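These are my notebook entries on a structure that I had not examined before. I set out to look up how its chains meet.

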Amino acid sequence: MNVPPPRLTFVLGGARSGKSRYAENLVMDCAPPWVYVATAEAHDSEMAARIAAHRNRRDGRWRTVEAPLDLASAIAAHGSKGQAVLIDCLTLWLSNVMLDGRDLIAEQQRLITALGNADGPVVVVSNEVGFGIVPDNALAREFRDAQGRLNMQVAAIADRAVLIAAGLPLILK
Amino acid sequence: MNVPPPRLTFVLGGARSGKSRYAENLVMDCAPPWVYVATAEAHDSEMAARIAAHRNRRDGRWRTVEAPLDLASAIAAHGSKGQAVLIDCLTLWLSNVMLDGRDLIAEQQRLITALGNADGPVVVVSNEVGFGIVPDNALAREFRDAQGRLNMQVAAIADRAVLIAAGLPLILK
Amino acid sequence: MNVPPPRLTFVLGGARSGKSRYAENLVMDCAPPWVYVATAEAHDSEMAARIAAHRNRRDGRWRTVEAPLDLASAIAAHGSKGQAVLIDCLTLWLSNVMLDGRDLIAEQQRLITALGNADGPVVVVSNEVGFGIVPDNALAREFRDAQGRLNMQVAAIADRAVLIAAGLPLILK
């Protein structure tokens, strides 16, 4: 067993970059049980297959908590019990919040406050989506901007932050 | 006040990655006044809002110079006066040059020559746009290629280069 | 002449990031002749121009082997002769395999086995395509997922892995 992660770790990565597996391994360096806070909702079969693949990787030492929208409350409820928490991921949460028409700024602030108050260890997974060409449609641009702002906010309060590419970490802080 | 940046610093980053703020902080490690060379043009309300948000961050110690197309001349005029210069950003400049139908290779060469001749400190901001899927339309592919070539040219002559993700730097050189 | 590369090096980068040139330079730190394993096929004039530009950079010390689909056999034939091999690139190979309707999982496994069996030095170039917004169309998403999985597999067995941005390397391992 390696050294457990610090209070708050931010794992940023591309699609299919191995960021979830990297984050799971960080959490599993802590003593079980572990809390998996899932933000995914199976809107279609593609997403359902992805969720199932992630779930099949996790054994009985994991407890799954569903938090597609009210992530702040899930963090408040589980982030200070001395058990390691994995939040996977902020990108789906952000998408859910925007599709639900909620106040984005207020929800982001609630989330950052909850993360700041957690005793941890908490490991947060998110997507980097800003390294491509400017998207054609306005909603995609709005999402990209919101995701970028959110990633900066979480990275700023994290004790450790990494960027994952091809399953391997680059140390941001 | 931290150590001032070297002659030429290249700050590369994604959309909403905090690259402008990071670059501003580098410049503000020099003695004021500072020159802000703006390449943005407000073609629509979305862009106007972005420009205003950036401008509101800068106080009276900044002098703003508009250079949407003739960036080389702006660098020649301001890059050797012993005052720190921030160029934000090459991506909008490149877009302006292409939309204006100018000779891209010649304009890029003029820019690189001007940057090479500046005494600095000069900090140049640009977007990394090549880490996504191949764009559908030919113009986006052409832009992506031109941006990639330009980024390589500037990085090659820079004394320091960083890639920004979530507001934090990865050291390229 | 610098230190030659290890048995297997993975060079990951964006479009127009300088990854091919970086990889060529690694190979040229070995004694010639060098084998260039090309996966590109000129389906259109844009691709033909790109292939020609790459070929014009290589002199007579390079031997070119075309392997648009059967990359595993090319590695088996050339990867253990004591001569350095450059594979450029996995992204075009993956695209060829998908367009040809082959069994992707089986082909990826054959490739990984061949890379694992090579004595090297072998340098493999691939694109990072997962740092942008989710693509609109399902085929692009499928490609992005397959590329991400392949990149993780190659990085896992590589002795060294780098991410290239603006022509400069970030060390992944």
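The entries below take the chain contacts in turn.

Entry 1, the model. I note at the outset that this is a predicted model.

Entry 2, chain A against chain B. I looked up the extent of this contact and found 21 residues from chain A and 25 residues from chain B. The two chains bury about 1,700 Å² between them, with 66% of that area on carbon and sulfur atoms. I then asked which three residues supply the most of the area that chain A buries against chain B. They are Phe131(A), Ile133(A) and Leu172(A), which together give 41% of it.

Entry 3, polar links between chain A and chain B. I recorded 2 salt bridges across this interface and 6 residue pairs in polar contact. On the side of chain A that touches chain B, β1 (8-13), α6, β6 (160-165) and β7 (168-171) each supply at least two residues. The most comes from α6(A), with 8 residues. By class, I list 11 nonpolar, 4 polar and 6 charged residues on this side of chain A.

Entry 4, Arg141(A). I located Arg141(A) in helix α6 (residues 138-157) of chain A. Which residue of chain B forms a salt bridge with Arg141(A)? It is Glu46(B), and the closest N and O atoms are 3.0 Å apart. Within chain A, a polar atom of the Arg141(A) side chain lies 3.2 Å from the backbone oxygen of Pro135(A) and one lies 3.0 Å from the backbone oxygen of Asp136(A). Setting aside neighbours within four places in sequence, I find Arg141(A) in contact with Val134(A), Pro135(A), Asp136(A) and Glu46(B).

Entry 5, chain C against chain B. Here I counted 25 residues from chain C and 21 residues from chain B. The buried area is about 1,700 Å², 66% of it on carbon and sulfur atoms. There are 2 salt bridges across this interface; Glu46(C) forms a salt bridge with Arg141(B), with the closest N and O atoms 3.0 Å apart. The elements of chain C that each supply at least two residues to the side touching chain B are α2 (45-57), α6 (138-157), β6 (160-165) and β7 (168-171). That side of chain C has 13 nonpolar, 7 polar and 5 charged residues.

Entry 6, symmetry. I superposed chain C on chain B by a rotation of 120° with 0.0 Å of shift along the axis, at RMSD 0.0 Å. This is the relation of a three-fold axis. Among the residues of chain C, Gly132(C) comes closest to the rotation axis, its C-alpha being at 2.6 Å.

Definitions and conventions. Residues are numbered from 1 along each chain as its sequence is written. Chains are lettered from A and ligands numbered from 1 in the order in which they are written. This is a predicted model: local features need pLDDT of at least 70, side-chain atom pairs count only at pLDDT 80 or more; totals for chains, interfaces and linings use all residues. Side-chain values use heavy atoms; hydrogens and water are left out. Contact means heavy atoms within 4.5 Å. Buried area is the accessible area (1.4 Å probe) that two parts lose on being put together, summed over both. A salt bridge is a side-chain nitrogen of Lys or Arg within 4 Å of a carboxyl oxygen of Asp or Glu. Ala, Val, Leu, Ile, Met, Phe, Trp, Tyr, Cys and Pro count as nonpolar, Asp, Glu, Lys and Arg as charged, and the others, Gly among them, as polar. Copies are superposed by least squares on the C-alpha atoms of residues with pLDDT of at least 70 in both. A polar contact is a pair of N or O atoms within 3.5 Å; within protein, one must be able to donate a hydrogen and the other to accept it, and residues adjacent in sequence count only if both atoms are side-chain atoms.
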